[in-house]
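Let's poke around inside a protein and ask what fills it and where gaps are left. Have a look at the model first, then follow the questions.

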Amino acid sequence: MSSLKQGEFVGSLDCGTTSVRFIVFDQYANIVSQYQSEFPQYYPNPGWHEHDPEEIQQISEECIAQACEKLEQAGWAKESVKVIGITNQRETTVAWSRATGKPLCKAIVWTDSRTKNTVAHFEHLLATTGLEVEPGQFKSGEDGIEALRDITGLKLSTYFSGIKLRWMIDNHSEVQKAHDEDDLLFGTIESWVVYNLTGGIQGGIHVGEVTNASRTLLLNLHKLTWDERLLRFFGFRQSILPRLVSSSEVYGHLSHSPLKGVPIGGLVGDQQGALVGNKCLRQGEAKCTYGTGAFLLFCTGKDIIKSGHGLLSTVAYQPGPGAAPVYALEGSIGVAGSAIKWLRDSMGFIKSASEINTLAASVPDTGGVYFVTAFSGLLAPYWDPGAAGLLIGLSSYTTPAHIARATMEANAFQTRAVLESMKLDSSTELKHLKVDGGMTNGNVCMEILADIGGFEVVRPDMRESTALGSALLAGSAIRLFGWDISNPATLTEVNTKGSRTFNPRMPEEDRDKGWTAWLRAIERSKGWDEGVSE
């Protein structure tokens, strides 16, 4: 192997909802090597969605090893990888044993909606007893809801990790016992993966990165610390929580694998990773990632903007230990690519996800069909856990092609709904939207998005933005290539490949007519499932 070339590269481990990939980038964001593998999904009951944390870990290590093998096949020594970053599906919750290092139950995935009763319990608690904001001083009712939002930027929802963890403690005796005996470790996926890559039970570190922590309902968004008032409210021990870290610093080193000894220098939730990967680092810049769900983030700079229109305040990234964080407004859409997966796997309309473009393009419109893809309720800007999936406007004329097109239109309508809210909150109207993620590979989908949204859609040629984001944060931590995430000018040579712009062509009258019908469909979807058992 002495003939292998020595280079300087950065690796990114992208732990998504359905697959893991490891990508090796050069200083211009060219992909030098990559390997991807899917892992099993578990749906034991309606509305439930689980992962096996050990399977995620095994697949992660397989992807690193296989990508390194491909790197060497391309003529580069694996020692060329100088640092790695990790980006991950957010909110997905893991509980494991401090003593054994093993998971105590399956992970509850961000899409999972089993916790409606748990949410209802805390809504009642907030309405009656309230949240203790100062010793002996409680805020309840609407004041309590606002107090929770003021601290966390979030609202009570099945979506967030703290609610999922509470359900685990209340419903898994092993997790409750571990919590009572101080044997429980809690973390989101980046926390679990770092723990294992740095040694696990043999000295692995238990850390949680701030963009992921900001999705737990436990983080003080202003101070970037775990908030004791929230721990009391939800009933958690402080000792179960990971040590908080920034998005860009050396946390530890890989204890094994072909990259043994390589530092881990970047951690970031996947949607914030895509914001960084798209270099939306300045106030007023935005992107939308279309994967399993769709997530639109609007950078608000050093300011926390409190939404009055159904959006969340969140941490965009923290460029280093002790550094001032950058914040964002976020609109989270629960179902995007997963609706296409449903058409393929459950309905049998298509054999592969890419076929939806051909099927949808075979008809000029949906024939009056609207599809509200509320498989687990509705997230932003509606926030209705009781909403149900709805296909409306069906007739004997309807074909699978009309439903395929309605699926793509649902994605566009929900994006427009989030952008309408963002416009009201930020007083900024986006003229164009940067997009990335698996769904953006299809031109038909992008044309529909531009038509229904009424804005330009800009799709970069290199669309691995999420992975690139964690790579940029990792490189910045050791100043590889002179990168400094706090100074966007140092990133000007990164990912300068071209992009394609999709312009709206639909007449304004038709756009408004479709939007009005969509709003009617949304109203019919809402509140179908009360979701709370007596």
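Q: Which strand gives the most residues to the lining of the largest cavity?
A: Keep in mind that this is a predicted model. Its largest cavity has a volume of about 50 Å³. Strand 10 (184-188), helix 6 (189-197), strand 11 (207-209) and helix 7 (210-213) each give two or more residues to the lining. The top giver, with 3 residues, is strand 10.

Q: How many residues in the lining of the largest cavity are charged?
A: There are 13 lining residues, and those closest to the centre are Thr 188, Gly 208, Ala 213, Trp 226 and Pro 242. Sort the lining by type and you get 5 nonpolar and 6 polar residues, which leaves the charged ones: 2.

Q: How many charged residues line the second largest cavity?
A: This one holds about 40 Å³ of space. Its lining is Gly 334, Val 335, Thr 373, Ala 374, Gly 377, Leu 378, Leu 379 and Gln 414. They divide into 4 nonpolar and 4 polar, and the number of charged residues is none.

Q: Which helix gives the largest share of the largest nonpolar core?
A: That core has 126 residues, and Phe 25, Leu 156, Phe 234 and Trp 518 touch the most other members. The largest share is 10 residues, and it comes from residues 400-426, that is, helix 12.

Q: How many residues are in the second core?
A: This core is separate from the one above. Val 20, Val 81, Ile 189 and Val 193 are among its members, and its size is 35 residues.

Definitions and conventions
Residues are numbered from 1 along each chain as its sequence is written. This is a predicted model: local features need pLDDT of at least 70, side-chain atom pairs count only at pLDDT 80 or more; totals for chains, interfaces and linings use all residues. Side-chain values use heavy atoms; hydrogens and water are left out. A nonpolar core is a set of buried Ala, Val, Leu, Ile, Met, Phe, Trp, Tyr and Cys residues joined through side-chain atoms within 4.5 Å. Buried means under 20% relative accessible area, exposed over 50%, partly exposed in between (1.4 Å probe, protein chains only). Helices (H or I, at least four residues) and strands (E, at least two) are DSSP runs, numbered from the N terminus. On a 1 Å grid over the protein atoms alone, a cavity is a set of points where a 1.4 Å probe fits but cannot get out, and a pocket is an open set with protein on both sides within 12 Å along at least five of seven lines; lining residues have an atom within 4 Å of a point. Grid points are joined across faces, edges and corners, and a volume is the space filled by probe spheres set on the points. Ala, Val, Leu, Ile, Met, Phe, Trp, Tyr, Cys and Pro count as nonpolar, Asp, Glu, Lys and Arg as charged, and the others, Gly among them, as polar.
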